[in-house]
Amino acid sequence: MGMSVTISAAREQDAEHILKLQFLCYQSEAELYGDYGIEPLIQSLDDLRAEITQGHALVARLGDEVVASVRGRVDESGTALIAKLIVHPRMQRHGLGGRLLDAIEERFAAEPGAQRFQLFTGHRSEHNLRLYRSRGYVQVSSEQVGPRLTLVTLEKEAAARAFVASA
């Protein structure tokens, strides 16, 4: 390929590309849990645009192509809720997900209100769980949301980000 991947803030015109990538990336999750009605697969473009404007949204580009994305926002309790970390299937297993996670944590850590980072994934999503745990996240709860799906919530303190980055 010869090009390097760059990470930057998502722009409004990226929304359609992110939605298409999200649909592609969540097919494997839907298959894993036998549920093609999961929120990322039925999210509307307007809802995605609202998510982008309400918090931070990052994209990774290979040239002009959006190949990965993540987004989130800080809630009133000081929790940076990180969501929909997606990487194009052909770009997976090369560290891009970790780079995006680090980048969005850095964005949130720059906000005085962000005290902790939180995200969730399905209980069978071993690759996701490994990535999050390798970045210092620990399970804080789980909730069965369907006959085949339990959501695992993981969290770490925002101060831990500075420590992990300097270690």
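This is a short chat about the sheet, one helix and one loop residue of a predicted model.

Reader: Before we start, what kind of model is this, and how are residues numbered?
Author: The model is predicted, and local features need pLDDT of at least 70, side-chain atom pairs count only at pLDDT 80 or more, while totals for chains, interfaces and linings use all residues. Residues are numbered from 1 along each chain as its sequence is written, and side-chain values use heavy atoms, with hydrogens and water left out.

Reader: OK, what order do the strands of the sheet take?
Author: The open sheet has seven strands in the order β1-β2-β3-β4-β5-β7-β6, with mixed pairing, where strands are DSSP runs (E, at least two residues) and helices are H or I runs of at least four, numbered from the N terminus, and two strands pair if DSSP finds at least two bridges between them.

Reader: And which strands sit at the edges?
Author: Those are β1 (5-9) and β6 (138-144), each of which pairs on one side only.

Reader: Switching to α6, which residues are buried there?
Author: In α6, residues 126-134, the buried ones are L129, L131 and Y132, buried being under 20% relative accessible area, exposed over 50% and partly exposed in between, with a 1.4 Å probe and protein chains only.

Reader: Why do they line one face?
Author: Seen down the axis of α6, the buried residues fall within an arc of 160 degrees, so they line one face of the helix; the arc is that of the directions from the helix axis to the C-beta atoms. On the other side, R130 and S134 are exposed.

Reader: Last one: is Q43 buried or exposed?
Author: Q43, in the loop between α3 (39-42) and α4 (45-54), is buried, with a relative accessible area of 8%.
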